[in-house]
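Good morning, colleagues. Please turn to the structure on the screen, and I shall take you through its domains and one helix packing.

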Amino acid sequence: MSLRRIVRRQLLWLGGVIMLVGMLLPNAVAAQSPSPLDPASPNAALIANLYWIVFWMSVAVFILVEGLLIYSAIRFRRRSDDELPVQVHGNNRMEIAWTIGPALIAIAVFVLAWQVMLADRPPTAAGLSPVSVASVCFNNDVTPEEAAAFLAASTLTIEIVGQQWWWQYNYLDYNFTTAADLYVPVGDVVVLQITSRDVAHAWWIPQLGGKQDLYPGAVTFSWFQVSRPGVFEGNCTELCGASHAYMPMRVVALPPDEFDAWAQAQVAKNQVNAIAITNPSPQVQQGEQVFVQKGCVGCHAVGGLGINAQAGPNLSNFASRRQIAGIMPNTEDNLRSWIVNPSQKPGARMPAIPIAPDEMDALIAYLDTLE
Ligand SMILES: [Cu+2]
C-alpha cells in the first residue's frame with residue numbers, strides 16, 4: 001500500500017471520529033444543569049421534545065449521507081494509478097429527489113417549531129391565544145386584549161423589571177417586591193409581565209421555557225408552570241453592558257403551602273417601618289440606623305422602609321439569597337467586601353460609602369437578620 005493511501009485512510013477515520021464527536025458533544029453540554037433537556041414546565045418540555053425530534057432526524061440524515069459517502073469511497077475507489085472513473089453528467093431524477101427531500105424536512109421542522117413558539121406564549125382560558133405571524137415572531141407585539149387574556153388565565157402574576165445588572169420582582173397579586181431570587185408555588189400558572197428600566201435584557205431559565213427579551217418602555221410576556229419543587233437557574237441572555245455575565249436569575253419553586261407562608265411573611269414585612277425594632281439585639285437596631293443614616297435606604301427598600309427606593313435591589317429577604325449581587329456567595333466576609341468595594345462588579349451602580357468598623361459590624365448584623 002502506498003504511503004498516500006495509508007494517509008488517506010487515516011484521514012477518513014479521523015474525519016469520521018470528528019463528525020461523531022461533533023454530533024455528541026452538544027448533547028453532553030446540554031445535559032449539564034441547568035439543562036433545557038431536563039424541563040420542569042410544560043412549555044420547556046415542548047422545547048426539549050422538539051430538540052429530540054430534530055436531533056433524531058439529523059441522526060437519520062447523518063447516517064444516510066455518511067453511509068452513502070463511505071460506501072462510494074470504498075466501492076468506487078481508484079484501483080490503479082491510470083484508472084479513470086465512469087464519467088457521469090447529472091441525473092435529473094436524483095437531483096429533483098435531493099432537492100425536494102430536504103425542502104420537505106425543512107418544512108416539517110418549521111411546522112413543529114411554529115407550534116412550540118405558540119406554546120411559549122402564556123395560555124389563556126381558551127387554551128392557546130389566537131396569534132398572528134407578527135406577534136409570534138416579535139413576541140413584544142401583544143395586543144391589550146391578548147394581555148388581558150393572559151392575565152385572566154394566570155394564577156399568579158409577577159412583574160419582572162430588568163435593570164443593570166439585577167432583577168426586580170413585583171408580586172402584583174400581593175403588593176410586595178423582591179429581587180434576585182423569584183419564589184413561586186409549584187403547579188400555578190405563573191404569568192411573567194416583563195419590562196426593563198434601562199437597556200434590553202433577556203429572561204431565560206432553560207428548564208422553564210424559552211427566552212424572552214426585555215425592552216425599556218415595552219411590556220412582554222412569558223410564563224411557566226413548575227412541575228416540581230426545586231431551584232432553577234439562568235442568566236441574562238442579551239448583552240446588556242459591563243456586567244451582563246453577572247446577572248443571574250433564579251427561580252425557587254416551593255410547595256403551595258410553603259409559598260403561601262413565604263408570601264404572607266413578605267406582606268407582613270411591608271407593613272412595618274423598622275424590621276429591626278422587633279429584634280432584641282441593640283447591635284441589629286444600630287445596624288438599621290446605619291442603613292438609614294448612610295443613605296442605603298435611598299436605593300434599597302427593606303420592608304416598609306424606603307419602600308419607593310428602586311435604584312437597588314429590595315433587601316427585605318436579602319439573607320435568604322444565595323449570592324451577593326450575583327457575583328459571590330452570600331457570606332459575612334463577602335458582604336463586608338461588597339459594601340466596602342461594590343466596583344468589584346464591573347460598572348455596579350452602587351457607590352462605596354465610608355463606614356466606621358463598629359458601624360460596619362452593626363450593619364452586617366442587621367442585613368444578616370433579613371431572611
Ligand atoms: Cu441583562
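I begin with separation: the C-alpha centres of domain 1 and domain 2 lie 36 Å apart. Please bear in mind that this is a predicted model. As for the bounds, the domain assignment of the protein chain gives domain 1 as 31-79 + 88-256, and domain 2 as 272-368.

How do the two domains meet? On the side of domain 1, 16 residues are in contact with 16 residues of domain 2. Three elements each give two or more residues to the side of domain 1 that touches domain 2, namely β2 (166-171), β3 (176-179) and β10 (248-254). Of these, β3 supplies the largest share, with three residues. Sorted by class, this side of domain 1 has eight nonpolar, six polar and two charged residues.

I turn now to a pair of helices. Helix α7 spans residues 282-293 and helix α9 spans residues 357-368; their axes come within 7 Å and cross at roughly 100°. How, then, are α7 and α9 oriented to each other? An angle of 65 to 115 degrees counts as roughly perpendicular, and α7 and α9 are therefore roughly perpendicular to each other.

Which residues make the contact? From α7 they are Q283, V284, Q286, G287, E288, V290 and F291, and from α9 they are E359, A362, L363, A365 and Y366. By class, the contact of α7 with α9 comprises seven nonpolar, three polar and two charged residues.

Thank you for your attention.

Terms used. Residues numbered from 1 in each chain as written. Predicted model: local features only at pLDDT ≥ 70, side-chain atom pairs only at ≥ 80, totals over all residues. Axes fitted to C-alpha atoms, helices over the stretch in contact; angles between N-to-C directions. Helix = DSSP H or I, 4+ residues; strand = E, 2+ residues; numbered from the N terminus. Parallel < 35°, antiparallel > 145°, perpendicular 65-115°, else oblique. Contact = placed C-beta atoms within 7 Å. Nonpolar A, V, L, I, M, F, W, Y, C, P; charged D, E, K, R; others polar. Domains from an automatic or database assignment.
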